[in-house]
Structure formats: C-alpha cells, structure tokens
Amino acid sequence: MPFTPPTAEQRFLLDHIVGIAELAAHERFAAATPDLVDAIVDGAGAFAAGEYAPLNRVGDEVGAVWNDGAVTMPDGFREAYQAFVANGWGSISAPEAFGGQGLPNVLATVVMEDLGTANMGFSLVNMLTPAAIEALVQHGTDEQRAAWLPKLVTGEWNGTMNLTEPQAGSDVGALKTRATPAEDGSWRIAGTKIFITFGEHDLTDNIVHLVLARTPGAPAGTRGISLFIVPKIRLDGTPNDVRCVSIEHKLGIHASPTCVMAYGDNGDCHGWLIGAENGGMRAMFTMMNNARLNVGLQGVQIAERARQQAAAYARERVQGGQPIAAYPDVRRMLLRMAALTQAARALVYYAGGQLDRAHLGDADAQARLDLLTPLAKAYGTDVGCEVSSLGVQVHGGMGYIEETGAAQHFRDARIAPIYEGTNGIQAADLVGRKLGLEGGAVFAALLADIRAEAVPELAALVGAVERAGATLAAAGAEDRLAGSHPFLTMLSVATCGWLMARQARAAETADADPAFLALKKAAARFYLERIVPEAIGLEAGATGGAGLLYAVDAEALG
C-alpha cells in the first residue's frame, strides 16, 4: 500500500514536544523559521514517498547481491540515492563550514523518519553517515575534517561503523584488528569486521569506514582501542586494500547489505588515526550515541508503516457484513498501535530536542539526553516489534502471506532491538551508568518534571519507578542487571505517558485537522489508561533480584 508521510504528527511534535520555536530563537538555529520548517517537513515526506517507498518491495524481494567482492543494489536504488544527494537531504543538520545547512538536528530526524518509514532497509545507507560526521567533527583534526566531511555531508560518500568481529560482539574489548605505523604517517590496518551495514555497494563512489583497531603495545580491553578512517578509495584516487568478503542472508532488511569486511589481506590497507591513540572508544561512543537515537527512530518508522497498512486493511476487509475495523478487538489493536507509535515517536523527538539544546551548551539538556538515549533506543525498537506484530495480526491469515507486505514489516523490525547495542545492553547502561548520573540527580530531575505536570494516571507508575530506582541503586551488580529491562520499560512508559499527556492538552486548543486531533486525544487516553497500568506491574520484575534466574543451572534450561 502507499506510504503517507506523517507530516501533521511531525509538525505537532516539533511545536509541542521539541519546542522548535524556542530552538530557533537561538542565533545558531535562527534559520529554522516556521516557513522553512514546514518546507522541510512537507518536502522530506514527499521525497520519501516518491523516491524511496516505491523501492521497498523490490528491496525486500531482490535485495543486495554480492558477486566477487562487489555488491549491487536493485534497479532504481542508485537513482533514488543520487536524488537524495542532489536534493541536499543529508546536509540538514551538518555544520555549515563543511557544506551543511546548520539546522537543528531534530529536523534531520524528520528526514530520517520519512526515509525509513518509506523503506527501512534502504534508509540504512543514510543512517550511519551523520554519526561518522559527528565523530569527525568532535574528534578529527582540522585536516581530516577538511578532507572527509564535505562529501560525507552531501552524501556523495557514505560512512560506516566497524566494531564487531567474529569473536568480539558486545565484548568490544576482545577485538583483534591491528594497526601498525606506516612510513607515510598513516597506519596499516589488518583484520576482519562483520555486520558492517552498507560496507560495500554501488550507490556512491567512495565509502568511508571508521574502524576500531589496536596499535602495538596497546593496553588490553577497551582501554587499548583506537579509531581510524579507512576509506575504500584513498584521497589520491588509489583503491585501498579493503574487500567485502560476503554479505549476510538475513531475516529482514534485505535492501541493506550487511557485510563481512577484510582489511589488509595484501598488507596495503591504510588508515588514519582519529583523535588520540587508545582513545577510540570515546570517539566511537560519539558515533554510537548518534546512531542509537536513529535506531530508536527505526522502531517508530516500522511501527508507522505497519500501523498505516493495518488501519487501511481493517477498513477494507469485510467479515460478518462489516469491515473488521468495526469489531472491538480489532479496534483495540489499531488504537494500541497508534498509541504506542505516537508515544515512541514523542520520546525520540524529545530526545532529539535535548540533543540540539546540548549542542547549544545546555549541560542539563546533555544530562537529560544521556539518560534518555537507552530509553529511546530500547523502548522505540520494542515498540516497533510489538506494533509490526500487531499489524500481522490485524491482517489475520493474509498477514502471514508475503504478498500483503505485513510480514516484511515484522521481519524488518526484528533487527532494531539487536544492533547498535542490544536492548539488554541499553538496560544495563541505564542501571549501571545513567541511573547514578550526578549522584542520581538526573534521574530525580526527570521524575520531578513528570510529577510537576500532575497527570493523575501517572502518579502510581512514577512512584513505582522511584521505588524500583532506589532498590536498584542499592543492589549488587547481578540484581541490578536482572531487573534492568523491566525497569527500563517502566521509566520509558512513564516518560512517554508524560509526553502523551502534554500532547493531549495541546490538542485541546490546537488549530489542526479534527480527525488528527481526535486520534491524538484517543491515543493519549489509551496510553495513559491502558498501557501505563501495565508498566506498574513490572515493578516485581525490576526489584526481584537475580536469585530466581539462577535457580537452575544453564544445562537444566534445556
């Protein structure tokens, strides 16, 4: 079915959750006038619907093809990507000094949402380049920024992130890729990386890999890791010793080649150090935190696409003499899909607004963003899986048949809770690091802000979150980790409930389409009255400790 960009929803969030007018009041973002914001919201949606959406099915059915080290995308993909470059959609929030437009990052979020909702697999080529740009802006030298950023900003070149190795997944410190000094000031890179998104393809003339590696004598673990620029084509035009060994055959996102990359098979792969030697994890986390917000957004993307398709099908499919949308259980699923999608979108956009305020030097916004990032990534992607599963259910038996497309959304969604740090790692980060930020003051400030708006439906959940947070803060490491995922969900739902209540209040006086406002109010009520109470019940899991989980040994688990 056709994709309809959620422009009214995006504009509503920019006004009432992000506070785009407040951002535009700062000199740095003064160009973000209401007219320009409208043009970006409308234009990005139209572009995604016109260029990316028509390629969604062929991307799934044909997908990327590997042959002797080269990866070929299906017909139409290169042309659509070149249109993305020509229209400047990759430059929205990039620094003006390197050809960007210097606009708030949250407007780039609008663009990424539309591209991913139209075609999630294809949009992955757009997702990591901004993260590479951010890493170079913050950690690169002036010479490196001048050399690499202009074409990354335009999208003429794309960026990748190379962490994972066969023996080093979540345990990044176990990586073995080596970097040794070369006579020309570069480093010779040797090693293999796996799960590299768009590590090879035919959409751009160059690919800029950011690769983690160990230098001679480096300390063990993550303390001894450095980050390098390793291009497919060097700046002098010569090919680097970089090769795509194969691509993975996956459950979903078939339009995104997931590559096994070999560096230095012939001893001539050159890389350039970013930042200090052994400072790679700091630079990589800059990239990863940017990417984690975009992965949380992917949950919203696939939820929106699944929601739209399910609602259209439910209006058209007649059973018992009436469309199935008339039946209470189908209504329950459709309204749940809408409420979850709107809530997750609000969370990611709110985090995006904090990112822009952090870029303006607001330390409190940076602290709030640090706390919100694992929530946005994990809860957003959990929502994507639940909503896409409900989409299959609304279709009934036809949802299980590939021709309707509902199954593709379900398959595509499933990767998002896994990559860029599994949702278990996000939960561990929340209870291990973020809960204790500034002695717990950052967590307390969020709960205080939620309480200040006095939403009756949230009172019990906020109390449960506060109790669980205190229990986990005082618990041992295993007990904290055992309760981490339920706790993350509780805090995410409390935060989303707060943002949904704020939207419901805004909808009372907003000048917008009546049908849009009616759904906004109903979705907010559903979230507060049906979903928030579910999260209260997670307190036992959040505070129950690890003992039960180890009541039997691993062999007994079967």
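**Exercise 1. Describe what follows helix α5, and which residues of α5 are buried.**

Step 1. G88 comes just after α5 and takes a positive phi of about 75 degrees. The model is predicted: local features need pLDDT of at least 70, side-chain atom pairs count only at pLDDT 80 or more, and totals for chains, interfaces and linings use all residues. Residues are numbered from 1 along each chain as its sequence is written, and side-chain values use heavy atoms, with hydrogens and water left out.

Step 2. Helix α5 covers residues 77-86. Helices (H or I, at least four residues) and strands (E, at least two) are DSSP runs, numbered from the N terminus.

Step 3. The buried residues of α5 are F77, A80, Y81, A83, F84 and V85. Buried means under 20% relative accessible area, exposed over 50%, partly exposed in between (1.4 Å probe, protein chains only).

Step 4. Their cover includes α3 (34-52), α6 (105-118) and β3 (157-162). Contact here means heavy atoms within 4.5 Å.

**Exercise 2. Place strand β7 among its partners.**

Step 1. β7 spans residues 226-231, and 6 of its 6 residues are buried.

Step 2. Sort the side chains. S226, F228 and V230 point one way, while L227, I229 and P231 point the other. In a regular strand the side chains alternate between the two faces of the sheet.

Step 3. Find the pairings. Two strands pair if DSSP finds at least two bridges between them. Strand β6 (residues 206-213) runs antiparallel to β7, joined by 6 bridges. Strand β10 (residues 270-274) is also antiparallel to β7, over 3 bridges.

Step 4. Check single partners. I229 is the bridge partner of L210. L227 stands opposite I274 in β10.

**Exercise 3. Test helix α18 against its expected span, then locate its kink.**

Step 1. α18 has 23 residues, 514-536. The expected span is 1.5 Å times one less than the number of residues. That should give 33 Å, and the end C-alpha atoms are 33 Å apart, so the two agree.

Step 2. A kink of about 30 degrees is centred on Y527. The bend at a residue is the angle between axes fitted to the seven residues ending there and the seven starting there.

Step 3. Y527 is buried, and so are, among others, F516, K520 and I531. The buried residues of α18 pack against helices including α1 (7-18), α10 (328-359) and α17 (484-509).

**Exercise 4. Which residues have the most contacts inside the largest nonpolar core?**

Step 1. A nonpolar core is a set of buried Ala, Val, Leu, Ile, Met, Phe, Trp, Tyr and Cys residues joined through side-chain atoms within 4.5 Å. The largest has 176 residues, with L14, F487 and Y527 holding the most contacts inside it.

Step 2. Helix α9 (residues 280-316) gives the most to this core, with 16 residues.

Step 3. Leaving aside neighbours within four places in sequence, F487 touches residues including L430, F443, V465 and A542.

Step 4. A second, separate core of 5 residues includes F12, A506, A507 and L517.

**Exercise 5. How many disulfides are there, and why is C385 in no bond with C496?**

Step 1. A disulfide is a pair of cysteine sulfur atoms within 2.5 Å. The count comes to 0.

Step 2. The cysteine sulfur closest to that of C385 is in C496, 16 Å away, so the two are too far apart for a bond.

Step 3. C385 is buried, at 15% relative accessible area. C496 is buried too, at 0%.
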